Amino acid sequence: MAACVALSTGARMPIFGLGSWKASPGKVGEAVKYAIDLGYRHFDCARYYMNEAEIGDALQEKLQAGAVKREDLFIVSKAGENFRPHDEKGMIIPSNTDFLDTWEAMEELVDCGLVKAIGISNFNCDQIERLLKKPGLKHKPANNQIECHPYLTQEKLIHYCQSNGISVTAYRPLGAHTLKPGDPVLLEDLKVKEIAARHNKTPAQVLIKFHIQRNVAVIPKSEKPQRLEENFKVFDFELTKEEMATLLGLNKNWRDCLLPDCVNHKDYPFKADY
Ligand SMILES: NC(=O)c1ccc[n+]([C@@H]2O[C@H](COP(=O)([O-])OP(=O)(O)OC[C@H]3O[C@@H](n4cnc5c(N)ncnc54)[C@H](OP(=O)(O)O)[C@@H]3O)[C@@H](O)[C@H]2O)c1
């Protein structure tokens, strides 16, 4: 049984999963199948990533082969505004939809039995509070998926979510996807490397374990068999209290995923300092 985070629905979400943004068509299916054989049970997907069909086929293949049972898999997908038209400057032309109305539509999916739990992503505290105070709220968000790593430790937001019964998933845990010249490189951070060496682990393994020890789910993406294996080998060591404090001390509120084409959206979430 995989280590899990308890959801307010009563369900249990494996604390470790596979990210799939930019997972290449033609390769992602093989990566998913390999990951299942390694023990991955949580798969983070989105229509926006344009690879859900291949992931679905790979999961089906493994289910039919009896390699895994459906009830042991936790599959996440996302709805979003990413497919809305963009203007000439590449900015999303936002709709005026109130996210409370979107939430009501998502609640119907639960009531119809099409999904088991619904959550949010990139929501800040004010937005969550507005949702929790929605008159007639039927289903609380089970999870908030946010960027999180030692350069963006999100202590306030994680505390807010967890104390309101909302589990948290950390995306971009390795901070290694879209780096521009001058961006800080987490995998090269001397303190991360030092902690990794002490445990005979890699920097990626330390960055992943950092979340697990905060009871935060973590979904590193890789399509390379060796890295899929490396990233999963995080259940045989513990970071000390001091090491966790060192990692938290690296915070600089540095955000990689700024959603630049959405900055003009009325609900752009990263204006406040949380
Ligand atoms: N909700 C949202 O708005 C949102 C936003 C961003 C991401 N996400 C989700 O979160 C997942 C994870 O975030 P992410 O993909 O942006 O970033 P990430 O998982 O932090 O980093 C992925 C990058 O690191 C490389 N990598 C993987 N394992 C490694 C290792 N052990 N050593 C060195 N490099 C390694 C991968 O390359 P290879 O594949 O070549 O190994 C890839 O380039 C996404 O895939 C997606 O599912 C959600």
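## Exercises on the ligand site and a surface patch

In this predicted model, a nitrogen atom of the ligand sits 3.0 Å from an N or O atom in the side chain of Gln145.

**Exercise 1.** Decide which backbone N or O atoms lie close to an oxygen atom of the ligand, as those of Leu174 and Gly175 may be tested.

*Solution.* Start with Leu174: one of its backbone N or O atoms is 2.7 Å from a ligand oxygen atom. For Gly175, the corresponding distance from a backbone N or O atom to an oxygen atom of the ligand is 3.3 Å. A polar contact requires N or O atoms within 3.5 Å, so the Leu174 pair qualifies, and so does the Gly175 pair. As for cover, the ligand on its own has 900 Å² of accessible area, of which the protein covers 90%.

**Exercise 2.** Describe the residues around the ligand: which come nearest, and how do they divide?

*Solution.* The ligand has 28 residues around it, and those that come nearest are Asp44, Leu174, Lys221, Ser222 and Lys224. By type, the shell holds 11 nonpolar, 9 polar and 8 charged residues. By element, helix α8 (residues 225-232) gives the largest share, with 3 residues.

**Exercise 3.** Locate Leu114 and state whether this residue is buried or exposed.

*Solution.* Leu114 belongs to the loop between α3 (99-111) and β5 (120-121). Its relative accessibility is 63%, and the cut-off for exposed is over 50%, so Leu114 counts as exposed. On the surface, Leu114 joins Leu109 and Val115 in a nonpolar patch, and together the three have about 250 Å² of accessible area.

Note on methods
Residues numbered from 1 in each chain as written. Predicted model: local features only at pLDDT ≥ 70, side-chain atom pairs only at ≥ 80, totals over all residues. Heavy atoms only, no water. Near = heavy atom within 4 Å. Polar contact = N/O pair within 3.5 Å; in protein donor to acceptor, adjacent residues only side chain to side chain. Areas by Shrake-Rupley, 256 points an atom, 1.4 Å probe, with all protein chains shown as cover. Helix = DSSP H or I, 4+ residues; strand = E, 2+ residues; numbered from the N terminus. Nonpolar A, V, L, I, M, F, W, Y, C, P; charged D, E, K, R; others polar. Patch = residues over 30% accessible without salt bridge, like charges linked within 9 Å, V, L, I, M, F, W, Y side chains within 5 Å. Salt bridge = Lys/Arg side-chain N within 4 Å of Asp/Glu carboxyl O. Buried < 20%, exposed > 50% of the residue type's maximum accessible area, 1.4 Å probe, protein only.
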